[in-house]
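Q: I have a model open and want to talk through how its helices pack. Can we go through it piece by piece?

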Amino acid sequence: MQQMSARLYLVSLAAMIFAGLALIALMGLGVDAYGVFGTRLIPASRFPPQLRLVAIGDRLTKGLEIVQRHDDRLLFIGDSRTQHGFDPDSPALGGIKAYNTALAAATLSEQLDTLDYALAHEPSVTHLVWGLSFEIFPSRVATTTDYWDSAFAGHSLLSSRLHHLFAFDFVEASFKALLQAHKQVEAPMKRNGVVNFPSDPVEGPGIARYHDLELASESRELRGPRPPAEMQAAQDRLRRRLAELKLKGIDVDLVIMPVHAWRLEFYRLVGVETELADWKRGVAATVGALASAPGNGKLRLFDFERPHLFTEQPILSPPAPGERRFFLETSHFYPWLGDLILDRVLGTGQGEAGPISTPPFGAEIGAGGDASGKVDIEADLASAAAGLDAWEAAHPGDVSHVKEVIGRP
Amino acid sequence: MLFTSPEFLCVFLPLTLAGFHLLRLAERPQLCVPFLFVASMAFYAWWSPRFLILLAISMVVNWGTAHALARLAGGQRKAMFVGGLVWNLGILAYFKYADFFITSVDAATRLNWPLLHIVLPLGISFFTFQKIAYLADIHGGLAKPGPLIDFALFVFFFPQLIAGPIVHHAEVMPQFRAMASRGQTMDLTLDTAVGFTLLIIGLAKKVLIADHLAPYASKVFEIAASGNHRIGALAAWQGALAYTVQLYADFSGYSDMAIGLARLFGVKLPANFNSPYKSTSIIEFWRRWHMTLSRFLRDYLYVPLGGNRRGPIRRYANLMITMLLGGLWHGAGWTYVAWGGLHGLYLLVNHAWRNAFRVKLPTLIALPLTLLAVIVAWVFFRASDFTSAANIVAGLFGLHGAGDPIPGVKKGTGLILALVALGATLILPNSQQIMRRFAPVIGEVEAPAGPARRLVWVPSILTAALGAAAVIAVVLFSWGTTEFLYFQF
C-alpha cells in the first residue's frame with residue numbers, strides 16, 4: 001500500500017465521497033421512486049405510476065405528498081390500521097377525492113400534527129374519517145419513526161427531499177427498480193397514501209404464525225394500564241380539536257377501528273378490557289358534549305371494535321371457498337373490510353358487499369332509542385362484552401392459543 | 001446536536017473548521033481559543049440555551065474558586081475547596097438525583113412526595129467531574145489557575161463536552177496555550193487527516209454497528225420489562241450480547257469521534273477505551289473500559305478515601321465504595337448501583353484471588369470468564385428494574401429453558417450478529433491501534449498482537465476508498481440515528 005501525503009489523502013477522500021453520493025443521487029433522481037421531483041429520466045412506462053416506498057421514509061413521503069396534492073375533500077386520519085385499511089379509491093367514497101394521511105404507529109399527538117399540516121396545505125378538505133385505536137392513543141410520538149425528520153415536525157421540504165435521496169431504503173428500492181425496469185414493479189404504497197395490497201395472502205401454516213408473532217410482539221399492551229392522567233390529557237386534546245373542527249364546519253366521523261377477536265381476547269387476558277371500555281366512554285362523552293357546541297361541522301362516532309363474523313374469521317384454518325381473509329394479522333385489516341366500514345360510515349351503498357346473511361357490522365354511538373339507529377355507549381359495550389363471551393365459549397381452542405402466544409397460563 | 005446529525009456534520013463542523021483556519025491564516029492565533037469557546041457554547045445552546053446559562057455560571061464560579069484557592073491558605077483554603085465541591089456536587093445532585101431520592105424515599109416510607117421532573121442538563125456528569133478535578137488539583141498544590149478563556153474552553157470544548165472523554169486540565173490547557181501562539185506556522189494537514197479518519201471510524205461504529213444491534217437488545221429487554229414472559233436462553237443471550245456490543249460500539253464510537261474532532265483543531269485527547277473485551281481479568285477490564293472515568297474515580301475518590309494504604313479490609317471497602325458511587329454516577333437508579341456493586345464484588349474477588357494464589361489463569365479460561373462476568377453485569381445496567389434483570393440472567397444460565405416465545409428471537413439473527421460483532425472486537429485492533437503511527441491520543445498506544453498488527457492506517461488511496469465507503473454507508477443509514485447511550489449519564 002503506497003503511502004500518500006495527508007493533503008492528497010484528504011482530497012481523495014473528499015472526491016470519492018462526493019462521487020459516491022453523486023452516483024446515488026443520480027440513480028435516485030433517475031428512478032424517482034417517490035415521484036417527488038417529477039423528473040423521470042427513465043421512460044415512465046417502465047414503472048407503474050404508483051411506484052412508492054413504505055418504510056422509514058413514510059412520514060417524509062407523506063409530508064411531501066400532501067404539499068403536492070390539490071382539491072382533496074376527504075382525509076383519512078389515524079394510525080397503521082387506517083393506513084392499511086382505508087383506500088381513498090374505495091367505491092364506498094362515491095368518487096370523492098380523498099387522501100390517506102394515516103401513519104404507522106402514529107399516536108393521537110402525531111395524528112393531530114399531521115392533521116394540522118394537512119389542513120394547512122389542503123383548505124379544500126371538508127370531511128375527515130378518523131380511525132381511533134385504543135393502544136397508542138395517549139402515547140408520545142414514537143421515537144422509532146421518521147417523524148422527527150419530517151415536515152410534520154417542522155422540518156423543511158428540502159431536508160425531507162435530501163433525506164429521501166440518501167436513505168438506504170430509497171437507494172435499495174431504486175436499485176431494485178432499475179434491475180426490474182423491464183417488469184412491472186409492485187409498489188408497497190399507492191400515491192393516495194394507502195398501503196397497496198395487490199392480492200390476497202398466500203394461505204398456509206405461515207398465516208397462523210404471522211398472527212402469533214404480531215400479537216406476541218405487542219409489548220406496549222403488555223406493560224399494563226396507561227397512566228390515567230395521560231389518557232385524560234389525550235381525551236382533552238381530542239375534545240379541543242374536535243370542537244375547533246366543528247367550528248370550522250368540517251365534518252368528522254370518528255371510527256373506533258376493528259381488530260380481530262383474538263386481539264379482543266388478548267385485551268381481556270391482559271386485563272385492559274375495562275380500560276378500553278372507559279376509553280370508549282370518554283370518546284362517546286366527547287361526541288355527546290360537542291353536539292351542542294358552536295359550529296356547523298357534523299360529528300359522529302362509530303364502533304367497529306367488537307366480535308362479528310368479519311372479526312371472528314378463523315385464523316387457524318383457511319377461509320371458506322370464495323371468502324377473503326379480512327385481517328392481515330390481529331391488529332390490521334385489509335382494504336376490502338375497510339370498504340365495508342366506509343360504506344357503513346359514509347352511507348353511499350357503493351362498497352363491496354359482505355356475505356348476504358351478515359348481521360350489521362359496527363354501530364353508530366349516540367343517544368339510544370331514536371329512529372336513527374344509534375346505539376347508547378353502555379349498550380354497545382355490553383353487547384361487545386357479551387359477544388366476546390360467546391366467542392370464547394365457541395372457540396376454546398383459539399382462547400388457549402392466544403394464552404399460549406402471549407405467555408399467560 | 002448529535003455528532004451524527006446533518007446539522008452538525010454539514011453546518012456546524014464545516015463552519016467551525018473554516019472559522020478556525022481563517023483565524024490561523026489571518027495570523028490571529030490568539031483568537032482561536034475564544035473562537036472555539038464561542039462555537040462550543042453555540043453547540044451546547046443548540047440543545048438548551050437555558051442550561052448554557054447554568055453551565056456558564058458554574059464555569060465562572062469554578063474559575064473564581066480556583067483563583068481564590070490559589071490565594072488562600074490554611075482553613076480558609078480548605079473551606080473554599082469544600083465550598084467548590086458542594087457547589088459542583090450540589091448542582092449534580094439536584095439535577096440528576098433529586099427525583100431518584102424522592103422515589104426512593106417514597107418507596108421506603110410511602111410519603112408520596114411529588115416528583116420534581118427535573119430535566120437533566122446534557123453532559124452534567126462529565127463536566128462536573130472535570131471541574132472537581134481542577135479544583136482538587138489546585139487545592140492540592142498540583143496545578144495553578146490559568147486564564148479564564150483557557151478554563152472556559154477546557155469546560156466547554158465541544159468534542160468532549162457532552163460525553164467525555166473526561167479530560168484532565170493538565171492534558172488540554174497547555175495545548176490551548178500552544179494553539180493560541182502557533183498560528184499557521186504549524187501544519188495541521190496531518191492532524192486533519194487523522195481527525196477525519198477517527199471521526200469516520202466512530203461514525204461507522206455508532207451508525208453501522210451500535211444502531212443496528214440496538215433493536216435486538218431492546219426487544220428482549222422490553223419483553224422482560226413487560227413481566228409476562230420467561231426469557232429463554234436464546235433470547236437472553238441475544239439481548240445481553242447485543243447490548244454488550246451495542247454499548248461498546250456506541251460509547252467507544254462517540255469517544256473516537258470526540259478524539260477525532262479535537263484533533264481537527266490540533267488538540268489531542270486521552271484514550272477512553274482500549275479493547276476492553278479482550279481483558280483477562282476485571283482489574284484489567286477497568287484499565288481498558290471508560291479509562292478516563294476509571295482514572296478520575298481512582299485519583300479523586302479511591303485514593304482520597306485511603307486507597308490501598310490502610311490494609312486489605314479498608315482497601316476492599318474503598319474499592320466497593322468507589323464502584324458503588326461509580327454505578328450511581330452512571331444513572332439515578334438502583335440497577336446502576338447494583339451494576340457498580342457487582343463490579344466492586346468482581347474486583348474484590350479478583351484482588352483476593354491474586355493475593356491468595358498468585359496464579360494467572362490461562363487466557364482461554366480467563367477471557368471468557370471475565371467476559372461472562374461483564375455481560376451479566378451489563379444486564380443490570382440495561383434493565384429497567386431488578387425483576388426483568390433477574391428474568392434475563394436466569395435465561396442466560398438456562399434456568400428458563402427455551403422460555404416463552406418472543407417474535408424474531410427464534411431465528412437467532414440478533415444472536416449471530418452480536419456474536420460476529422463481539423468476535424470482531426476480540427480479534428481486530430482498536431481505533432487507537434489502527435491509527436497508532438500518528439499518535440492519535442495522549443500517551444503511548446499499545447501495539448496490537450498477531451495478524452491484527454498489519455491493520456495500521458496510513459494515508460493511501462485504499463484507506464481513502466475505505467473511508468469514503470464508510471462515510472457513504474453512514475449517510476445511508478444515519479437517518480433515524482438514536483442518541484448516544486452515554487448522553488443519559
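Q: Which residues in H9(B) meet which in H16(B)?
A: Val220(B), Phe221(B), Ala224(B) and Ala225(B) of H9(B) meet Ser388(B), Asn391(B) and Ile392(B) of H16(B). Contact here means C-beta atoms, placed from the backbone, within 7 Å. Helices are DSSP runs (H or I, at least four residues; strands are E, at least two), numbered from the N terminus.

Q: What classes of residue make up that contact?
A: The contact of H9(B) with H16(B) has 5 nonpolar, 2 polar and no charged residues. Ala, Val, Leu, Ile, Met, Phe, Trp, Tyr, Cys and Pro count as nonpolar, Asp, Glu, Lys and Arg as charged, and the others, Gly among them, as polar.

Q: At what angle do the axes of H9(B) and H16(B) cross?
A: Roughly 120°, with the axes coming within 8 Å. H9 covers residues 189–226 of chain B and H16 covers 386–396. Axes are lines fitted to C-alpha atoms, for helices over the stretch in contact, and angles run from 0 to 180 degrees between N-to-C directions. H9(B) and H16(B) are therefore oblique to each other. The classes are: under 35 degrees roughly parallel, over 145 roughly antiparallel, 65 to 115 roughly perpendicular, the rest oblique.

Q: Left-handed or right-handed, H9(B) passing H16(B)?
A: Right-handed. That is, the near helix is turned clockwise from the far one by less than a right angle; anticlockwise would be left-handed.

Q: Before going on, what kind of model is this?
A: A predicted one: local features need pLDDT of at least 70, side-chain atom pairs count only at pLDDT 80 or more, and totals for chains, interfaces and linings use all residues. Residues are numbered from 1 along each chain as its sequence is written, and chains are lettered from A and ligands numbered from 1 in the order in which they are written.

Q: What pLDDT does chain B average?
A: 88, with 95% of the residues scoring at least 70. pLDDT is the predictor's confidence in each residue, from 0 to 100.

Q: And what is the mean for chain A?
A: 80, and 77% of its residues reach 70 or more. Residues 38–56 of chain A stay under 50, and the model has 45 contacts for them beyond four places in sequence.

Q: What ipTM does the complex get?
A: 0.87, with a pTM of 0.76.

Q: Back to chain B. Which domains does the assignment give?
A: Domain 1 (6–186) and domain 2 (191–280 + 361–488). The bounds come from an automatic or database assignment. The domain centres, taken over C-alpha atoms, are 28 Å apart.

Q: How many residues of domain 1 of chain B are in contact with domain 2?
A: 16, against 17 residues of domain 2. H8(B) gives the largest share of the domain 1 side, 4 residues. That side divides into 12 nonpolar, 3 polar and 1 charged.

Q: At what angle do H3 and H4 of chain B pack?
A: About 165°, with axes 9 Å apart. That makes H3(B) roughly antiparallel to H4(B). The crossing is left-handed. Residues of H3(B) in the contact include Val61(B) and Leu69(B), and H4(B) brings Phe81(B) and Trp87(B), among others.

Q: How far apart are the axes of H13 and H14 of chain B?
A: 7 Å, at an angle of about 150°. H13(B) and H14(B) are therefore roughly antiparallel to each other. Their crossing is right-handed.

Terms used: Two residues are in contact if their C-beta atoms, placed from the backbone, lie within 7 Å.
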